[in-house]
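Thank you all for coming; I would like to take a few minutes to walk you through one model. Please have a look at it first, and then I will go through its overall form and its sheet.

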Amino acid sequence: MQVEVAYARPDRQEIVPVNVPEGTTALEAAKLSGITDIFPEIDPDTIDMGVFGKVIKDPAAHELREGDRVELYRPLKIDPKQARLNRAKKKGQAQ
């Protein structure tokens, strides 16, 4: 079955197609994809994952379906609420 494994940094992104057997989990697909050869900073055992934008609680138990895209998520640098607050303050000062 064909799936994809995706990872993105601000400077580069990759989507790696992978052919895996039925019953493969998201964690197994990430390891089989070789994405860690492209992005050595990734630790598949600890990184947050999702499928098509929906976070997976347990990637080691989440079985994939044909055509799924496993997404590996970088940790946030700043809380989204704080980022919005900072933008609002900047906008208020500019006026």
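Let me begin with a definition: the radius of gyration is taken here over C-alpha atoms, and the rule for a globule is 2.2 Å times the number of residues to the power 0.38. By that rule a compact globule of 95 residues would come out near 12 Å, but this chain has 17 Å. The C-alpha atoms, taken along the principal axes, fill a box of roughly 60 × 25 × 20 Å.

I should say at once that this is a predicted model, in which local features need pLDDT of at least 70 and side-chain atom pairs count only at pLDDT 80 or more, while totals for chains, interfaces and linings use all residues. Residues are numbered from 1 along each chain as its sequence is written, and side-chain values use heavy atoms, with hydrogens and water left out.

Now to the elements, where helices (H or I, at least four residues) and strands (E, at least two) are DSSP runs numbered from the N terminus. The chain has three helices and five strands, and along the sequence these follow the pattern β-β-α-α-β-β-β-α.

How are the five strands ordered in the sheet? Counting two strands as paired if DSSP finds at least two bridges between them, they form an open sheet of mixed pairing in the order β2-β1-β5-β3-β4. Strands β2 (13-19) and β4 (54-56) stand at the edges with a single partner strand each, so one side of each is left without a neighbour in the sheet.

Let me stay with β1 for a moment. This strand, residues 2-8, pairs with β5, residues 69-73, in the parallel sense over four bridges, and here Glu-4 stands opposite Arg-69 in β5. Strands β1 and β2, by contrast, run antiparallel and are joined by seven bridges, with Tyr-7 standing opposite Glu-14 in β2. Four residues lie between β1 and β2, which together form a hairpin.

Finally, some totals for the chain. Buried residues, meaning those under 20% relative accessible area with a 1.4 Å probe and protein chains only (exposed is over 50%, partly exposed in between), make up 34% of the 95 residues. If contact means heavy atoms within 4.5 Å, then among contacts between residues at least 6 apart in sequence, 49% join residues at least 24 apart.
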